[in-house]
Amino acid sequence: MKEEGILVIEDENRLSRLLADLLEFEGYRNIQIANNGYEGVEKYKQTRPQVVFMDLEMPVMNGYDSSKAIKKYDPGANIILITANPGSPFARKILDEGYVSQVIPKPFRCDDLFAVIRKSIPPPSTNT
């Protein structure tokens with residue numbers, strides 16, 4: 001069963017923190033951060049988040065291999081690739097093979113990020 005939450009797998013600490021802060025500002029909670037693909041796969045298995053934001057180029061395990069491992073573990077995983085090189089053959093391959101549902105180019109616009117996440121997770125309730 002999917003848990004509520006978001007997993008950000010990104011090796012650049014400032015960017016992963018920025019993503020988490022933006023999502024929290026929008027009201028999303030239960031945001032986990034992994035600093036490389038291997039750590040991301042392990043956190044996915046522990047938390048089973050609704051959405052994963054995945055970088056492509058990372059140490060230890062890249063975004064392609066970690067997306068493939070997550071999809072092997074959970075074929076229903078919703079992985080969104082965030083990459084500085086969305087037109088690369090590697091980015092096309094990960095999308096064409098179905099390991100990610102979509103690609104967001106870096107730098108990204110906040111509106112684009114929120115539009116993508118709202119397709120996967122309903123906006124947080126504004127009721128207090």
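Begin by selecting Arg14 and Phe25, the exposed residues on the face of helix α1 that is turned away from its buried side. The model on the screen is a predicted one.

**Helix α1**

Extend the selection to the whole of α1, residues 13–25. Its 13 residues reach 18 Å from the first C-alpha to the last, close to the 18 Å expected at 1.5 Å a residue. Next, colour Leu15, Ser16, Leu19, Ala20, Leu22 and Leu23, which are the buried residues of this helix. Turn the view to look down the axis of α1: these buried residues fall within an arc of 160°, so they line one face of the helix. An α-helix has 3.6 residues a turn, so residues three or four places apart point the same way.

What do the buried residues of α1 pack against? Display β1 (6–9), β2 (31–34), β3 (51–55), β4 (79–83) and α5 (110–120), for these elements are their packing partners. Then move to glycine 27, which follows α1 and has a positive phi, near 105°.

Return to α1 to select arginine 17 and glutamate 24. These two residues form a salt bridge, with the closest N and O atoms 3.7 Å apart. Glutamate 24 counts as partly exposed at 33% relative accessibility, and arginine 17 is likewise partly exposed, at 36%.

**From helix α2 to helix α3**

Select tyrosine 44 and tyrosine 73 and show their rings. A pair of aromatic rings is described by the distance of the centres and the angle of the planes. Here the centres are 6.4 Å apart and the planes stand at 85°, so the pair is edge-to-face. Tyrosine 44 belongs to helix α2 (residues 37–47) and tyrosine 73 to helix α3 (residues 63–73), so that the pair links distant parts of the chain, 29 residues apart. Is each ring's residue buried or exposed? Tyrosine 44, at 0% relative accessibility, counts as buried, whereas tyrosine 73, at 38%, counts as partly exposed.

In helix α2, select lysine 45 as well. This residue is partly exposed, with a relative accessible area of 37%. Add alanine 91 and draw a line between the two C-alpha atoms: they are separated by 24 Å, and the residues are 46 apart along the chain.

Now select arginine 48 and aspartate 74, whose side chains meet in a salt bridge of 3.3 Å, N to O. Arginine 48 lies in the loop between α2 and β3 and aspartate 74 in the loop between α3 and β4, so this bridge ties together parts that are 26 residues apart in sequence. Arginine 48 counts as partly exposed at 21% relative accessibility, while aspartate 74 counts as buried at 7%.

**Helix α4**

Proceed to helix α4, residues 89–96, and select arginine 92 and aspartate 96. The two lie 4 residues apart, about one turn of the helix, and they form a salt bridge whose closest N and O atoms are 3.7 Å apart. Arginine 92 is partly exposed at 39% relative accessibility; aspartate 96, at 59%, is exposed. Then select Glu10, Asp55 and Lys106, which are joined into one network by salt bridges that share partners.

**The whole structure**

Finally, select Tyr64, Phe90 and Tyr99, which form one aromatic cluster. With the whole structure in view, how many aromatic pairs and salt bridges are found? A search of the whole structure finds 3 aromatic pairs and 10 salt bridges.

Technical notes:
Residues numbered from 1 in each chain as written. Predicted model: local features only at pLDDT ≥ 70, side-chain atom pairs only at ≥ 80, totals over all residues. Heavy atoms only, no water. Phe/Tyr/Trp six-rings, centres within 6.5 Å; stacked < 30°, edge-to-face > 60°. Buried < 20%, exposed > 50% of the residue type's maximum accessible area, 1.4 Å probe, protein only. Expected span 1.5 Å × (residues − 1). Arc of directions from axis to C-beta. Contact = heavy atoms within 4.5 Å. Salt bridge = Lys/Arg side-chain N within 4 Å of Asp/Glu carboxyl O.
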